[in-house]
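Thanks, everyone. I have one structure to walk through today. Let me put it up on the screen.

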Amino acid sequence: MSVSPQSDGREIRLVPNVPVGTKLVADRVRDVIDACIHTDSPAADLEAAAQLIEQATQLLRKRSRDTSLQVTRSNGGISINNAIEGPCNPVAPPLTDLAYVDGETSGCVTFPTAAEGPPGRAHGGLVAAVLDHALGRAVAWTVAAAMTVSITVDYRAATPLHQPLCVTARVVSVDGRKVFAEAEIRYDGQITAVAKAIMIVVAGLPSIAPTAVSLD
Ligand SMILES: CCCCCCCC(=O)SCCNC(=O)CCNC(=O)[C@H](O)C(C)(C)COP(=O)(O)OP(=O)(O)OC[C@H]1O[C@@H](n2cnc3c(N)ncnc32)[C@H](O)[C@@H]1OP(=O)(O)O
């Protein structure tokens, strides 16, 4: 395990693999979140559950660290605590099965109840976040690590909860440091939302691009 300083002063800890125990805790916390939303328990049970959760929190805080960004090369160089695909972040849906084939980036996601916006549908902001992340992955894989400066999302149909969804993204063109990319999310083969983004290649971000390109 090693720690590397980044250009903005933050430290990123390199870990060899996704820690099994931490992922297990994150999975259980996802269960707790789901149970919390659906519970109809009486007050005494809610009080008891709150105490147990507090005990678990104290247990986890017994050994803590300041660094939140932990990266393992086994998941493509993205933090295992990333908000969208981090397997150890219980708030991440998470986006899984990321792949890069012939310039196309793809991934899978199933939104939990916690992602509900309109009844039975995923919140549009969370749909946009997943698209944004897939776009970032596509740009990083195709060109270099970049940050979003503009994203436009068109919502075409309901993006359901609890159903497997496919996300695809690709780079459309490159103009200096500006990268134009597009992505879509599908349920059962039908597009529910599409996104177009402009991303700016930023020096100093961890790069996962398979090939370096000239940005002159
Ligand atoms: C692999 C991991 C996947 C993760 C993906 C996650 C994606 C994200 O969520 S990133 C987080 C959200 N985004 C941000 O926080 C970015 C905030 N913005 C910034 O920090 C800065 O704008 C930054 C660093 C990106 C660029 O700043 P800077 O280096 O000064 O570039 P700047 O000169 O302003 O702009 C570069 C070019 O982009 C253009 N540009 C900037 N903003 C826009 C915009 N909104 N629309 C169109 N063009 C723009 C500029 O006009 C300029 O063009 P040109 O080179 O032709 O003159």
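Start with histidine 162. You will find this residue in the loop between β6 and β7 (165-175). Keep in mind that the model is predicted. The phi of histidine 162 is near 60°, a positive value in a residue other than glycine. That stands out against the usual pattern: most residues other than glycine have a negative phi. Is histidine 162 buried or exposed? Histidine 162 is exposed, with 12 other C-beta atoms within 10 Å. The cut-off for exposed is 12 or fewer, so histidine 162 qualifies with its 12.

There is another residue of this kind. Aspartate 102 is not a glycine, yet has a positive phi of about 50°. Look for aspartate 102 in the loop between β4 and β5 (104-109). Aspartate 102 counts as exposed, because 5 other C-beta atoms lie within 10 Å.

One more backbone point. Which peptide bond is cis? The bond from proline 93 to proline 94 is cis, with omega near -10°. As a rule, most peptide bonds are trans. Proline 94 sits in the loop between β3 (70-71) and β4 (96-101).

Now step back to the whole chain. The protein has 3 helices and 9 strands. From the N terminus on, the order is β-β-α-α-β-β-β-α-β-β-β-β. Of its 216 residues, 26% count as buried. Take the contacts with a separation of 6 or more: residues 24 or more positions apart account for 62% of them.

Next, the domains. Domain 1 covers 1-92, and domain 2 covers 94-201. Their centres, taken over C-alpha atoms, are separated by 23 Å. How many residues of each domain meet? On the domain 1 side there are 11, in contact with 9 residues of domain 2. What is the make-up of the domain 1 side? The residues there that touch domain 2 divide into 5 nonpolar, 3 polar and 3 charged.

A word on annotation. The unreviewed UniProt entry carries "domain: Thioesterase" for residues 120-189. In the model, that span is 27% helix and 44% strand. The end C-alpha atoms of the span lie 19 Å apart.

Now the core. In soluble globular proteins, nonpolar side chains tend to be buried together. Here, the largest nonpolar core has 33 residues. Leu131, Leu135, Val139, Val167 and Ala181 have the most contacts inside this core. Which elements each supply at least two of the core residues? They are α3, β7, β8 (178-187) and β9. The largest share, 9 residues, comes from α3.

Zoom in on leucine 131. Set aside residues up to four places away in sequence. Leucine 131 then touches Val153, Val167, Ala183, Ile185, Ala193 and Ala195. Among these partners, Val167 is also one of the core residues with the most contacts.

On to the ligand. How many residues surround it? There are 17, and the closest are Gly136, Ala140, Met147, Val149 and Ser150. At least two shell residues come from each of α3 (124-142), β6 (146-155) and β9 (190-201). α3 gives the largest share, 5 residues. So α3 makes the largest contribution to the ligand shell and also to the largest nonpolar core. By class, the shell has 8 nonpolar, 5 polar and 4 charged residues.

Two strand residues to finish. Glutamate 104 lies in strand β5. Glutamate 104 is partly exposed, because 14 other C-beta atoms lie within 10 Å. Leave aside neighbours within four places in sequence, and glutamate 104 is in contact with Thr168 and Arg170. What separates the C-alpha atoms of glutamate 104 and alanine 138? They are 34 residues apart along the chain, and the separation is 7.1 Å.

Then leucine 98, in strand β4. Leucine 98 has 19 C-beta neighbours inside 10 Å, and counts as partly exposed. Buried takes 20 or more, so leucine 98 with its 19 does not reach that class. The C-alpha atoms of leucine 98 and valine 194 are separated by 18 Å, with these positions 96 residues apart along the chain as the distance in sequence.

That is my tour. Back to the picture for discussion.

Technical notes. Residues are numbered from 1 along each chain as its sequence is written. This is a predicted model: local features need pLDDT of at least 70, side-chain atom pairs count only at pLDDT 80 or more; totals for chains, interfaces and linings use all residues. Domain bounds come from an automatic or database domain assignment. Two residues are in contact if their C-beta atoms, placed from the backbone, lie within 7 Å. Ala, Val, Leu, Ile, Met, Phe, Trp, Tyr, Cys and Pro count as nonpolar, Asp, Glu, Lys and Arg as charged, and the others, Gly among them, as polar. A residue is near a molecule or strand if its C-beta atom, placed from the backbone, lies within 6 Å of it. Helices (H or I, at least four residues) and strands (E, at least two) are DSSP runs, numbered from the N terminus. UniProt positions are given in the numbering used here, feature names are shortened, and annotations may be inferred rather than shown by experiment. A nonpolar core is a set of buried Ala, Val, Leu, Ile, Met, Phe, Trp, Tyr and Cys residues joined through C-beta atoms within 7 Å.
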